[in-house]
Every structure is written in C-alpha cells, then in structure tokens.
Amino acid sequence: MREDVQALDIRDVTANWVNAAVLEAQIEDRIKALADLAHTPLFFGRLDYLHSTQEGQRFYIGRRHVHDAEGDPMVIDWRAPVSQPFYRASKKDPQDVALRRRFGYTGGDLTAYEDEHLSDPAEAERTSRLLQTEIERPRVGPMRDIVATIQPEQDEIVRSGLSGTVCVQGGPGTGKTAVGLHRVAYLLYAHRERLARTGTLVIGPNRSFLHYIEQVLPALGELEVRQATVDDLVAHVDVRGDDTAEAAIVKGDARMAEVLRRAVRSHVTMPADALMVVRGSRRWRVPAYELEEIVQELLDRDIRYGAARDALPQRIAHAVLVRMEQAGEAPDDRVQDAVARNAAVKAAVKAIWPAVDPAKLILRLLSDADFLAEHADGVLGADEQKAILWTKPPRSVRTAKWSPADAVLIDETSDLVERTHSLGHVVLDEAQDLSPMQYRAVGRRCTTGSATVLGDLAQGTTPWATGSWAEALTHLGKPDAAVEELTAGFRVPREVIAYASRLLPHMSPGLAEVRSVRESPGSLEIRAASRDGDVVAACVESLRHEGSIGLIAADARVPALADALAAAGLPYLSPGEETTPEVRLTLVPASLAKGLEYDYVVLDEPAAVVDGEPDERTGLRRLYVALTRAVSGLTVLHAAPLPPQLS
C-alpha cells in the first residue's frame, strides 16, 4: 500500500503549483501513516460470523485497514463497526460470532493463537491466557496501545459519540488514559472530515507524561493530534515564579472570573459630551444621551469586550447615517464605513471603550490594592485579596515573575476581550488536579466541541484538587456530561492495589476500590532500610527482573539518591526519558510519578512522601499515586515508621 502511494504521478492531475504542493503534502502524510512499525503486527484477531448478513465471512482485525493489490480488504480496522463484536461478544451475547480467535506475538513473530467458540453451548467460558499475557507484558519504552486488549466496558466509552462529553473516573491501572487515547483514534476514524477541520487536542499534566504517551496514536495511524499541557495552552507570558498555596487557591477559584469581568468592563466610560462628525461642508452631531444609549446597549448584550469595541464605531456611524437620511441624503454602506473611520469617531471610541491588554490588566490587579478591592468587593474577602497581592509590584509585564496561576488569569482575560478558538474534541487527562480556573481555560478550547475527561479523584494531589466530577464538569462548561466509572484494574497486582487502598478511607471516602484482575503472589514486599545503600541494593535486585524499574522518592530525597546511584555506578534516567535495554532504571520524584508505570517499583520512605506535601490529605494522595505505579512488583523501603493509615 505504501509503495502504491509512493508510485503516484501527480504531474498531470494538478491545475497549478498550489494544488501540487497541497497534494504532495497529503501524499507525504499518507506515506508516513503507512510506515511499518517494528514489533507491531498488522492483525491481532479474527472473527468468523455464523449467521445474518456476514454469514460464512471471516474478518481479520488489526490496528489499520489493509487491502490487497485489487483493493479487497485483508485486515479490517479495529474501529470499523464489523470489528465491534471482537471486543463485546461473549458466551451470553455471541452477536452472531461463531469463532473469535486471538493471536499472540513475540517481537513481531506470530507465536500462539487462542480460539473461543462463542456460539457453542458445550464450550465453557474462560479467561483468555493470551489476553492476560498481553496485559502483563513487560513495559520498556513509551506507553503502547491496548487495541488488542480493550475490554467491553472500555469499548463502550471508546465508541461513544462525538456530540457528547464523557468523564471517566478510573482508579490506578483501569486503563483510563489508554481509553481516552483510543477514543480519539475512534472519533478521528468515524468523524475524520469534521475533526480535520476543527482539530483535536490531548492535554496531559506535564511534559514527561506527554512524552510517555506520544507513540500511542501514531501506532494507530493518527499523526495529526496535538498534545499539550494546560501551561502550554495559557502561555501568554513567561512563567518564572510560584505562588504560595494560599494564593494559588484564590487565583484558581472560579470567583476570580467575576473579578476579571468587572475589571475589564471598568475600562468603559460613559460619554459626557456630544460627538461632532464633519463630512465635507456638513457637520453631524450625535448627542451624549444617544451615545450613552449605544454604549449601554453593547454592555447589556454582554458580548466580548473586543467585539463590542469593534461594533461601537459602526453603531455611531449608523446614528450619523440616520441623520443624513433625515436631511435628504442617500448614504450607502461605503459612507457608513467612512464615517466609522472618521478621526472624531475613532477618538470617541478610544475614550469610551479603550483597548485592554490582558497582561497589563492582571499586572495592575495584582499590584494595586485599591483597584483589586474595587472589583473584588463582595466576591473575595479582605484576607483573600491580601493573599494574591504582590508585596513588591514589578515595573512592567516583562519584568514580572508570573506564576502558572497568573497565566491562567491572563488567559481568562484574553477570552473576555476576544473569543478563544474552539476545537472539535479535547481529551483532558489527570483532570482531578486542575483548579476551577484551569477547567475554564480548557473548556474555552471546546465550547463548540466535546471533551473526554479522565481522572481519579483519589489521586488529586494539588491543594485545589476537585472534590467531585459534577463540580469540575460545571467549571469546564459541560455540566451534562456522562460520568462513567472503571473499577476493574488490569495493571496493578491485586496484592499491591489492596495495600494502597488502605489509604482511601482517610483521603477519599466513598470512592470505590479498584478490583484487580491480576493475581501475583509475592508482588509486594515491605522492608526496613537504614541507609541509601539499601535503596541502591533494592534497585539492583529489581533489575534482575525483565522490564522497566522505577525508583520513586519524595522530591527532597531525590538528590541524595541520585548521588548514591552514581556512587554505585548504576546508570539511571529521568522521567520522560525513554528506557532502553541498557538503561532500565528511572529515578522519579513523587511529584512527577502520576500517569507513569513501571514493571517493578522501589518506593523510598513513604512517610517522607506524605510529609513533603502541605497537608495530610494531599500527602496521602501523593503516596497512593506512588504505591500504584507498579505492574509486576513493589518494594517499599522505610527507615522512619510507615504512615499509620497503611497499618
């Protein structure tokens, strides 16, 4: 298929050089999409239908559609409707499938297959060993797709429609991130033209996470999906500072949106004098009361500040044209445009409705106590206002040490001035950690589109972490979104998730515990450790196993452990760097562990992880995240007593 595309001759089919350039770019994209991927088989399953319209037909199911030289299909895309029974058919509901076959691979070579005769009552239902093997395959390198192992409850979410927003609450190892990425791939298959026009975006918590997941969509043939963090979306200024937890909570509060709205609208000044417009030998007067009516009408419409400012000269010009017509003239649209550009009209607009620079507005709001008090009156308390005011106001936007929360405020202000462009679909992962104002920033990117929201309330590790999905979805602008819960765990061994779940009643009461389908006796070990050398020894022991190793520690402990690893001659990576057969150990600060996974995890000093956070609830949630990064085995090392919640 790739060679056919490469052999295309477009010299006689393009009208001009522009068409040729566009077509060449499309051909290059098609060639990239048809690239062979090492160790990635073209098909992983087969369906033999029993009755109905598919009687006697056999379909091979794979990551991509593959056809032969005549154009007849050889492999069916996993997203096609005919492939759906591969994921959802069962002994109870065979969906006219006589045989479902799964293929097993090792390094790209076909090594096994497994048959299920779904319509045969004599054959008992059983757990697929190939499915179990695929789930437990060692993790080396970036995240891989789960297209061969999607479960029925996951498939329902993946194939849900484009028009609705879906929120997925899923504990560690339930596959929520993979579900979100596969949902993007499915939507691009089912609604390709629409999403090609409107765009898709995947938002992750940090760059390490995005690097980890960046190969999933290309492996499924989707190359055009943009990936970003929330900080990337709101990068209107250089972020060089940080807020205290108290200030960040206030700046992230949804009430700040009203403060900003008031501050922006405060720039509008009601006209005190009449406006005189001179055209040729005639003078046209618009009285102050009529100008005031025009301004008040625009304010009452509550449209974007910039749109109203653009409309004001046309409204004034229309008032002048009415007077011209009353005087017997016959002005047309060109005259109205000329009046709108008149120097007197432009000067009046500048005085009544001046331009607003969002960054300068936030600079003034955080520097001028009186200005803040005027617009936060009845919204923020005196202590809250004091918390967000700068003690030493900077001289300019350029010299200010903006914080991430400040950048979000600037983004909100920018949207008040000019509407933010909306995309067709946005995937938001690790959503539980966002502030209300960050939810609003993401929601602005999908006001006319839909979203897939992924997260786990138990893993909220910021002081402003959301308390419920209903609250979060309201701030996102999608209050009617469907909330789905994934409770079956496929990554974390049962023994490990049961140990971590001891923390749930103390940090997220009411959340359902993840039920792991993986039994791995001996996957959890808890040891006393008196020195850093014990941690290094545990890493060496873990490296005897196949797969990736993660050493997770409180952020303050990372430098000491890095020195210990270096002294022992043990090479290691930082989060976001790709593991290789030569270097499989990654040293992970607890603050960056979320969303990552390793075959074996060595967790250093759980009490230090808890103590490294501003409050106990956040510390326990950080520890819960660290405890649930292991796929095959977890070793917990401690010199200090373990947190009592784990006993």
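What is the mean pLDDT of the chain, and what share of its residues reach 70 or more? The mean is 91, and 99% of the residues get to 70 or more, where pLDDT is the predictor's confidence in each residue, from 0 to 100. This is a predicted model, in which local features need pLDDT of at least 70 and side-chain atom pairs count only at pLDDT 80 or more, while totals for chains, interfaces and linings use all residues. Residues are numbered from 1 along each chain as its sequence is written, and side-chain values use heavy atoms, with hydrogens and water left out.

Confidence does vary along the chain: helix H4 (residues 129–136) sits lowest, at a mean of 76, and helix H21 (residues 436–444) sits highest, at 98. Where pLDDT is low, the predicted coordinates should not be read in detail.

Now for the overall picture. The chain has 28 helices and 21 strands; helices (H or I, at least four residues) and strands (E, at least two) are DSSP runs, numbered from the N terminus. Its C-alpha atoms fill a box of roughly 95 × 70 × 45 Å along the principal axes. Of the 647 residues, 53% are buried, where buried means under 20% relative accessible area, exposed means over 50%, and partly exposed is in between (1.4 Å probe, protein chains only). Taking contacts (heavy atoms within 4.5 Å) between residues at least 6 apart in sequence, 72% join residues at least 24 apart.

One open sheet has 6 strands, in the order E9-E8-E12-E13-E7-E14, with parallel pairing; two strands pair if DSSP finds at least two bridges between them. Strand E9 (226–229) and strand E14 (482–486) stand at the edges with a single partner strand each, so one side of each has no neighbour in the sheet. On average, neighbouring strands here are turned by 15° against each other, direction ignored. Axes are lines fitted to C-alpha atoms, for helices over the stretch in contact, and angles run from 0 to 180 degrees between N-to-C directions. Strand E7 (residues 166–170) runs parallel to E14 and is joined to it by 5 bridges, with Gly170 opposite Leu486 in E14. Helix H22 (residues 469–476) packs on this sheet, touching E7, E13 and E14, and its direction makes about 145° with that of E13. Helix H6 (residues 176–190) lies across E7, strand E8 (200–204), strand E12 (425–428), strand E13 (450–455) and E14, running at about 165° to E13.

A second open sheet has 5 strands, in the order E17-E21-E20-E18-E19, again with parallel pairing. Its edge strands are E17 (524–528) and E19 (585–589), each of which pairs on one side only. Neighbouring strands of this sheet are turned by 20° against each other on average, direction ignored. Inside the sheet, strand E18 (residues 549–553) pairs with strand E20 (residues 598–604) in the parallel sense over 4 bridges, and the partner of Leu551 in E20 is Val602. Helix H25 (residues 532–542) lies across E17, E18, E19, E20 and strand E21 (630–638), at about 170° to E20. Helix H28 (residues 616–627) lies across E18, E20 and E21, at about 140° to E20.

Just past E20 comes a backbone oddity. Glu605, in the loop between E20 and helix H27 (606–611), has a positive phi near 50° without being a glycine. Most residues other than glycine have a negative phi, and most peptide bonds are trans. Glu605 is buried, with a relative accessible area of 12%. Asp96 also has a positive phi, of about 65°, although it is not a glycine. Asp96 lies in the loop between helix H3 (84–88) and strand E5 (97–106), and at 30% relative accessibility it is partly exposed.

Antiparallel pairing turns up too. Strand E10 (residues 275–279) and strand E11 (residues 282–286) run antiparallel, joined by 5 bridges, and Val278 stands opposite Arg283 in E11. The two strands form a hairpin with 2 residues between them, and Gly280 in the turn has a positive phi of about 65°.

Finally, there is a helix pair to look at. The axes of helix H17 (residues 358–367) and helix H18 (residues 369–376) come within 5 Å and cross at roughly 100°. H17 and H18 are therefore roughly perpendicular; angles under 35 degrees count as roughly parallel, over 145 as roughly antiparallel, 65 to 115 as roughly perpendicular and the rest as oblique. In this contact, Leu361, Arg364, Leu365 and Ser367 in H17 meet Ala369, Phe371 and Leu372 in H18.
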